[in-house]
Amino acid sequence: MPSNKSVSDAPIVQFTNCRILRDHQLQREDLWVREGKILNPEKLFFDEKGSADVQLDCKDSIIAPGFIDVQINGGFGVDFSLATDDFKSGIELVSQKILSHGVTSFCPTLVTSPPSVYHQVLPQISVRNGGAHGAGILGAHLEGPFISKEKKGAHPEHCLRTFEAGAFQDLLATYGSLDCVQIVTLAPEMRRSNEVIQELTKRGICVSLGHSVANLSQAEEAVQHGATFITHLFNAMLPFHHRDPGIVGLLTSDKIPAGRRVFYGMISDGIHTNPAALRIAHRAHPKGLVLVTDAIAGMGLAPGRHTLGQQVVEIDGLNTYIAGTKTLSGSVATMDTCVRHFQEATGCSVETALEAASLHPAQLLGIEHKKGTLNYDSDADFLMLNDSLYVQATYIAGEEVWRQDALGM
């Protein structure tokens with residue numbers, strides 16, 4: 001009879017006494033992991049006649065896929081939109097620190113910046129797997145500079161750009177390279193934006209609509225050309241109007257191509273979006289909701305003055321403003337806080353809240369076959385949480401990378 005060693009010498013870990021989020025339900029079963037992947041126990045028992053080398057008692061914890069943050073501008077004093085000599089050590093610091101908030105992979109986000117910043121910073125961002133060193137990097141999210149002056153929010157006006165005759169070439173010249181780029185946020189009402197959307201989509205880059213005064217038909221046209229995401233819904237766009245709901249109208253549009261889903265980011269921090277607006281969006285289009293932090297360098301730090309790219313930002317409690325104004329500029333909320341606030345504000349199930357930070361962002365990026373789920377053969381990136389959705393431990397590729405008790409908390 002073959003033993004489990006005939007397939008691999010790697011140890012098999014069995015996580016017991018837990019509730020696993022699988023197929024949109026918390027299921028009372030064990031989680032089996034080998035070589036960084038989630039194992040199908042039936043194949044292990046019947047095909048390999050194998051068994052666990054190590055058993056871990058999860059003490060009735062919830063096990064959920066690791067969170068994926070597709071919009072994070074920095075944190076813990078690090079600003080991804082600043083070209084510094086130690087940029088790499090900054091990104092390492094953030095990727096390490098967000099493990100305690102359940103984030104196992106993320107898209108470092110750059111706000112509107114001069115071309116020189118993109119040319120310096122982007123070559124220093126490389127897509128990589130997570131591990132004990134920190135959360136995995138899925139690629140950069142470039143938010144601007146091809147956005148609307150009227151809805152620039154915290155983006156510096158002097159750096160905004162429009163598409164000229166060679167629209168896609170303009171974009172390439174501005175960014176310098178698209179090698180590590182995963183998402184680009186642009187305003188779809190800009191002339192020539194649709195040809196840019198098509199070119200980006202062809203290269204496997206996700207196009208997001210945001211910082212925009214687009215009407216609904218312009219937004220629908222952008223989706224028909226390949227856009228699949230909305231950057232922080234309700235923020236930096238025209239408010240919903242019953243005669244022309246603008247970008248918000250995409251949530252219930254009947255002009256979305258068959259088989260396509262439009263996703264939308266929500267900053268669920270209790271400040272950027274009123275709980276009633278969060279409920280409206282969630283009830284209108286629950287399967288498209290993606291929780292994002294939109295966190296800035298001041299996340300994890302004391303109130304005071306910090307940066308967001310070219311601007312100075314003041315943090316006052318949970319509010320962040322461009323210094324001297326009342327213009328909101330990113331958040332200081334962590335992903336686990338956003339998940340808890342979302343569940344509380346909408347009254348949704350625990351499963352729904354967890355999937356908005358894991359499954360949905362993975363589906364948006366087309367990586368749900370390996371991230372954002374606990375299906376067999378997917379990456380063993382997962383969290384242990386208590387019933388109140390506080391993170392107790394974070395695992396990447398089946399290895400523990402953070403635990404609350406380890407800090408004596």
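Which residue stands opposite Phe15 in β5? The close-up views below, all taken from a predicted model, begin with the strand that holds the reply.

**View 1. Strand β1 and the partner strands β2, β3 and β5.**
In strand β5, which covers residues 54-65, it is Leu56 that stands opposite Phe15. Strand β1, made of residues 12-22, is mostly covered, since ten of its eleven residues are buried. Its pairing with β5 runs in the parallel sense over seven bridges, whereas its pairing with strand β3, residues 31-34, is antiparallel and extends over four bridges. Within that antiparallel pair, Ile12 has Arg34 of β3 as its bridge partner. When following any such strand by eye, it helps to remember that in a regular strand the side chains alternate between the two faces of the sheet.

**View 2. The hairpin formed by β1 and β2.**
Strand β2, residues 25-28, pairs with β1 in the antiparallel sense over four bridges, and the bridge partner of Leu21 in this strand is Leu26. The two strands form a hairpin with two residues between them. One residue to look for in the turn is Asp23, which has a positive phi of about 55°.

**View 3. Strand β6, enclosed by the rest of the structure.**
Strand β6 covers residues 67-72, and because six of its six residues are buried, the strand is largely enclosed by the rest of the structure. It pairs with strand β9, residues 103-111, in the parallel sense over four bridges. At one place in this pairing, Phe67 stands opposite Val103 of β9.

**View 4. Thr293 and its surroundings.**
Thr293 is found in the loop between β16 (289-291) and β17 (304-308). Is this residue buried or exposed? With a relative accessible area of 2%, which is under the 20% limit used for the word, Thr293 is buried. Its side chain is joined to that of Asp69 by a polar contact of 2.5 Å. When neighbours within four places in sequence are left aside, the residues in contact with Thr293 include Gln71, Ile72, Ile267 and Ser331, and also Ala333, Thr334, Met335 and Cys338.

**View 5. Asp294, a position annotated in UniProt.**
An unreviewed UniProt entry places the feature "active site" at Asp294, an annotation that may be inferred rather than shown by experiment. Like Thr293, which is in the loop between β16 and β17, Asp294 has its place in that loop. Asp294 is buried, with a relative accessible area of 6%. Not counting residues up to four places away in sequence, Asp294 touches Gln71, Asn73, Glu143, His232, Ile267, Gly330 and Ser331.

**View 6. The cavity and its lining.**
Rolling a probe the size of a water molecule over the atoms shows where empty space is left. The structure holds one cavity of 30 Å³ or more, and about 30 Å³ of space lies in the largest cavity. Among the residues that line this cavity are Asp69 and Thr293, whose side chains are joined by the polar contact shown in View 4. The lining also includes Ile72, Ile98, His101, Val103, Met299, Thr334 and Met335.

**View 7. The span annotated as a domain.**
For "domain: Amidohydrolase-related", the unreviewed UniProt entry lists residues 62-401. In the predicted model, the end C-alpha atoms of this span lie 17 Å apart. The span is 24% helix and 22% strand.

Key:
Residues numbered from 1 in each chain as written. Predicted model: local features only at pLDDT ≥ 70, side-chain atom pairs only at ≥ 80, totals over all residues. Heavy atoms only, no water. Buried < 20%, exposed > 50% of the residue type's maximum accessible area, 1.4 Å probe, protein only. Pairing = 2+ DSSP bridges. Polar contact = N/O pair within 3.5 Å; in protein donor to acceptor, adjacent residues only side chain to side chain. Contact = heavy atoms within 4.5 Å. 1 Å grid on protein atoms, 1.4 Å probe; cavity = no way out; pocket = protein on both sides within 12 Å on 5 of 7 lines; lining within 4 Å. Points joined across faces, edges and corners; volume = space filled by probe spheres on them.
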